[in-house]
Amino acid sequence: MARTRVAHRLRLAPRSELGATLVETAIVLPLLLMLTIGLWSTARAWNVHNVMDHAAREAARYGATNNPFNSGQVLTVAQGEVTASSVNWANITTRCAQEVNGASGAGMCISSAGEDPTTDKRVQVVLEYPNYRLQFVLFSTTITLRAQAVSRREPGL
């Protein structure tokens, strides 16, 4: 009896609607998949950039409070923060930590706006991850992730 009901309903349904659900799924599923993978890839890049920002801030803060200044120790702090978040430290090719006294040159680090170069003592930390690959379904692209932090040293340090 149940078979006759199903067969009866199928005979009453218009022919054009029989495969509509399958066609709609075939169209929407790849688009949904591309959107999901693109969101995941972009979110991962955002996470790596946030990790680098945090590592640069922590390293600059450490360098500003450490007397005497030691760039190796400052970069070790940055490395610890980066590797604790499962980002490969070897991929971060530009690593700069330096103390800038007054009008001395900026070296590898870029100068920061809003600071008085004649009186301020500061610690700059720059981390750069070049060629970070954003992988999408149909294409991929590379971007450069850069993080910079500047921390002013207190007088007397």
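Mentor: Two strands pair if DSSP finds at least two bridges between them. A strand here is a DSSP run of E with at least two residues, a helix a run of H or I with at least four, and both are numbered from the N terminus.

Trainee: What kind of model is this?

Mentor: It is a predicted model, in which local features need pLDDT of at least 70 and side-chain atom pairs count only at pLDDT 80 or more, while totals for chains, interfaces and linings use all residues. Residues are numbered from 1 along each chain as its sequence is written, and side-chain values use heavy atoms, leaving out hydrogens and water.

Trainee: How many helices and strands does the protein chain have, and in what order do they run?

Mentor: There are three helices and three strands, in the order α-α-α-β-β-β from the N terminus.

Trainee: How do you know that strand 1 and strand 2 pair?

Mentor: Strand 1 (residues 94-101) and strand 2 share eight bridges in the antiparallel sense. That count satisfies the requirement of at least two, so the strands pair. One opposite pair is C96 and V126 in strand 2.

Trainee: How many bridges join strand 2 to strand 3?

Mentor: Twelve, with the strands running antiparallel, and the two form a hairpin with four residues between them. L127 has A147 of strand 3 as its bridge partner, and L134 stands opposite T141 in strand 3.

Trainee: What makes strand 1 and strand 3 edge strands?

Mentor: The open sheet of three strands has the order 1-2-3, with antiparallel pairing. Strand 1 and strand 3 each have a single partner strand, so one side of each is without a neighbour in the sheet. From one strand to the next the twist averages 15°.

Trainee: Which strands does helix 2 touch?

Mentor: Helix 2 packs on the sheet and touches strand 2 and strand 3, where a contact means heavy atoms within 4.5 Å. The direction of helix 2 makes about 165° with that of strand 2. Such angles run from 0 to 180 degrees between N-to-C directions, with axes fitted to C-alpha atoms, for helices over the stretch in contact. Helix 3 lies across strand 1 and strand 2, at about 135° to strand 1.

Trainee: Why is S86 called exposed?

Mentor: Its relative accessibility is 60%. Exposed means over 50% relative accessible area, buried under 20%, and partly exposed in between (1.4 Å probe, protein chains only). S86 is past the cut-off for exposed and therefore counts as such. S86 sits in the loop between helix 3 and strand 1 and has a positive phi of about 65° without being a glycine.

Trainee: What about N131: buried or exposed?

Mentor: N131 has a relative accessible area of 57%, so it is exposed. N131 lies in strand 2, and its phi, near 60°, is also positive in a residue other than glycine.

Trainee: Which residues touch the most other members of the largest nonpolar core?

Mentor: M52, V125, L127 and Y129, out of 27 residues. A core is a set of buried Ala, Val, Leu, Ile, Met, Phe, Trp, Tyr and Cys residues joined through side-chain atoms within 4.5 Å. Helix 2 gives the most to this core, with nine residues. Not counting residues up to four places away in sequence, M52 touches seven residues, including I92, L127, Y129 and A147.

Trainee: Where is P68, and what is the peptide bond from N67 to P68?

Mentor: P68 is in the loop between helix 2 and helix 3; the bond is cis, with omega near 5°.
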